[in-house]
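Student: Could you show me how to read burial, charge and packing from a set of coordinates?

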Amino acid sequence: TMMKFFRILLLMGCAIVAFAAVAQEYDPVIASIDEARQQAKESMKKNKSLGNEMVTTVNYTVRGQGKTTKTVRFYFNTAQGTYFMPEDSDPHFFYHPLYYVTVSYNIGKKKYNEEYLFDSYSQRLMYLMTQDYDENGKRFDRRFYFQDGSIYHVIGPEPTPFMVDNVI
């Protein structure tokens, strides 16, 4: 009957979606960055009491939107690194490398979050996540994966003319 046909059609649709999800190619660059991001988040939770976090909060007003609070959190590696200076200055100094930055803020009632993951050794950006709203007010994420200082892969919605003019 018609009900059985729709049920079979629904099951076939679910199976196709499941196979498509499994069939996505494994990308070792993206997987290693995702793993580094997960390790950074775990390290942030574990090392919260070590004083390797710096928080800055700024309050201001966006014209026509109201009060805004922006909080920026900088997370530093607990292991010291060595940064070499140019020849005619001090030969080097020690520092705790920056590895993760989060930014959260609101504009009016809309909330935004950003994440930045840096390689602790090269200090190059590895990952960037931004959140914004499209022309219909729907929130979306865009994730940028970097390799050797260049964008490697972007995950997120295709840009619309509104996004190009107002978001990107």
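Tutor: We will take a few features in turn, bearing in mind that this is a predicted model.

Student: Where does Arg142 lie, and is it buried or exposed?

Tutor: Arg142 belongs to strand 8, which covers residues 139–147, and it is buried.

Student: Which side chain of opposite charge is nearest to Arg142, and how should I read that distance?

Tutor: A salt bridge requires a side-chain nitrogen of Lys or Arg within 4 Å of a carboxyl oxygen of Asp or Glu. Here the nearest side chain of opposite charge is that of Asp132, 7.3 Å away, and Arg142 has no salt bridge. The side chain of Arg142 does, however, reach the backbone oxygen of Pro157 at 2.5 Å.

Student: Why does Val154 count as partly exposed?

Tutor: The partly exposed class lies between the buried limit, under 20% relative accessible area, and the exposed limit, over 50%. Val154, a residue of strand 9 (150–155), has 39% relative accessibility and therefore counts as partly exposed. Val154 stands 12 residues from Arg142 in sequence, with 7.0 Å between their C-alpha atoms, and beyond its sequence neighbours within four places Val154 contacts Arg142, Arg143 and Phe144.

Student: Which residues have the most contacts inside the largest nonpolar core?

Tutor: A nonpolar core joins buried residues of certain kinds through their side-chain atoms. The largest one here has 13 residues, and Ile33, Tyr99, Tyr100, Leu117 and Tyr127 have the most contacts inside it. Helix 2 (28–46), strand 5 (98–107) and strand 7 (125–133) each give two or more residues to this core, with helix 2 supplying the largest share, 5 residues. Another core, of 8 residues, lies apart from it and includes Val103, Tyr112, Phe118 and Tyr133.

Note on methods
Residues numbered from 1 in each chain as written. Predicted model: local features only at pLDDT ≥ 70, side-chain atom pairs only at ≥ 80, totals over all residues. Heavy atoms only, no water. Helix = DSSP H or I, 4+ residues; strand = E, 2+ residues; numbered from the N terminus. Buried < 20%, exposed > 50% of the residue type's maximum accessible area, 1.4 Å probe, protein only. Lys, Arg positive; Asp, Glu negative; His and termini not counted. Polar contact = N/O pair within 3.5 Å; in protein donor to acceptor, adjacent residues only side chain to side chain. Core = buried A, V, L, I, M, F, W, Y, C linked by side-chain atoms within 4.5 Å. Contact = heavy atoms within 4.5 Å.
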